[in-house]
Amino acid sequence: MLILTALTSLKGCLPQLRRRFRMNITPFDFKHLNDIADLEKQCFSLPWTREMFEGELMSSIAEYFVAEYDGRAVGYAGMWKILDEGHITNIAVSPYYRRKKIGQALLDSLVSRANQKGIKKLLLEVRKSNEAAISLYSKNGFQSVGLRKGYYSDNNEDAVLMNLILRNH
């Protein structure tokens, strides 16, 4: 009875207690390196190192975006522009911030930048077991175009090769 009374009295306060989720997509910068290196370890069994990301920041072919929440990186996405193709290197979202459309926002940012840069096709590899990522890419028009057998060295898992032909170039 005491718990029910406490919950009833809190009911009127819930709108004030709720915190609206606010996210900002921004270009990747050196200030994000530590957060991205930590996020990489949370999300991948073969994580890139902080030094690898430093190299990406200095690369003329790399384009990266970061999803920030309260000034902290909670997701990122990157691609390499090679001639008229874009190779999506990674899209990662902290396990604590998944299912909030952050992956979609990051993918939208990459596709938009690809169109701005005159890229005609986006390519990526994704673990065959990563159903959530495959679903995201498929919903956005990516098609499976092949399989890379034993692509991932940690467990010899196959990678699904997917691409998206861009129409707005």
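# A tour from the E2–E3 loop across the sheet

Begin by selecting aspartate 70, which lies in the loop between E2 and E3; helices (H or I, at least four residues) and strands (E, at least two) are DSSP runs, numbered from the N terminus. The model on screen is predicted, so that local features need pLDDT of at least 70 and side-chain atom pairs count only at pLDDT 80 or more, while totals for chains, interfaces and linings use all residues. Residues are numbered from 1 along each chain as its sequence is written, and side-chain values use heavy atoms, with hydrogens and water left out.

Stay on aspartate 70 for a moment: although this residue is not a glycine, its phi is positive, at about 55°. Aspartate 70 is exposed, with a relative accessible area of 55%, where exposed means over 50%, buried under 20% and partly exposed in between (1.4 Å probe, protein chains only).

**The E2–E3 hairpin.** Extend the selection to residues 62–69, strand E2, and residues 72–82, strand E3, which run antiparallel and are joined by eight bridges; two strands count as paired if DSSP finds at least two bridges between them. The two strands form a hairpin with two residues between them, and aspartate 70 is in that turn. To follow the register, select phenylalanine 65, whose bridge partner in E3 is alanine 77, and then alanine 62, which stands opposite tryptophan 80 in E3.

**Across to E4.** Keep tryptophan 80 selected and look to its other partner, histidine 87 in E4. E3 and E4 also pair in the antiparallel sense, over eight bridges, and isoleucine 82 stands opposite glutamate 85 in E4. These strands, too, form a hairpin with two residues between them, and leucine 83 in the turn has a positive phi of about 55°. If E4 is now coloured by accessibility, eight of its nine residues prove to be buried, so the strand is largely enclosed by the rest of the structure.

**From E4 to E5.** The pairing of E4 with E5 is parallel and consists of three bridges; select glycine 86 to find leucine 122 of E5 opposite. Between these strands the chain crosses through helix H5 (residues 102–116), and this β-α-β crossover is right-handed, in the sense that, with the strands pointing away from the viewer, the path from the first strand over the helix to the second runs clockwise.

Within helix H5, select serine 109, which counts as buried at 15% relative accessibility. Leaving out residues up to four places away in sequence, serine 109 touches Ile25 and Phe65, contact being taken as heavy atoms within 4.5 Å.

**The whole sheet.** Now show every strand: the open sheet has seven, in the order E1-E2-E3-E4-E5-E7-E6, with mixed pairing. Its edge strands, each pairing on one side only, are E1 (24–27) and E6 (143–152). Neighbouring strands are turned by 25° against each other on average, direction ignored. Helix H6 (residues 131–139) packs on the sheet and touches E4 (85–93), E5 (121–127) and E7 (157–165), its direction making about 160° with that of E5; axes are lines fitted to C-alpha atoms, for helices over the stretch in contact, and angles run from 0 to 180 degrees between N-to-C directions.

**Aromatic rings.** Next, select Phe28, Trp48, Phe53, Tyr64 and Tyr76, which form one aromatic cluster. The structure holds nine aromatic pairs. The rings of tryptophan 48 and phenylalanine 53 have their centres 5.3 Å apart and their planes at 40°, so this pair is tilted; rings of Phe, Tyr and Trp (its six-membered ring) pair if their centres lie within 6.5 Å, and planes under 30 degrees apart count as stacked, over 60 as edge-to-face and the rest as tilted. Phenylalanine 53 itself is buried, at 0% relative accessibility.

**Last stops.** Select arginine 127, whose charged end sits over the ring of tyrosine 152, 4.1 Å from its centre; the criterion is NZ of Lys or CZ of Arg within 6 Å of the ring centre and within 35 degrees of the ring normal. Finish at asparagine 156, in the loop between E6 and E7, which has a positive phi of about 65° although it is not a glycine and counts as exposed at 55% relative accessibility.
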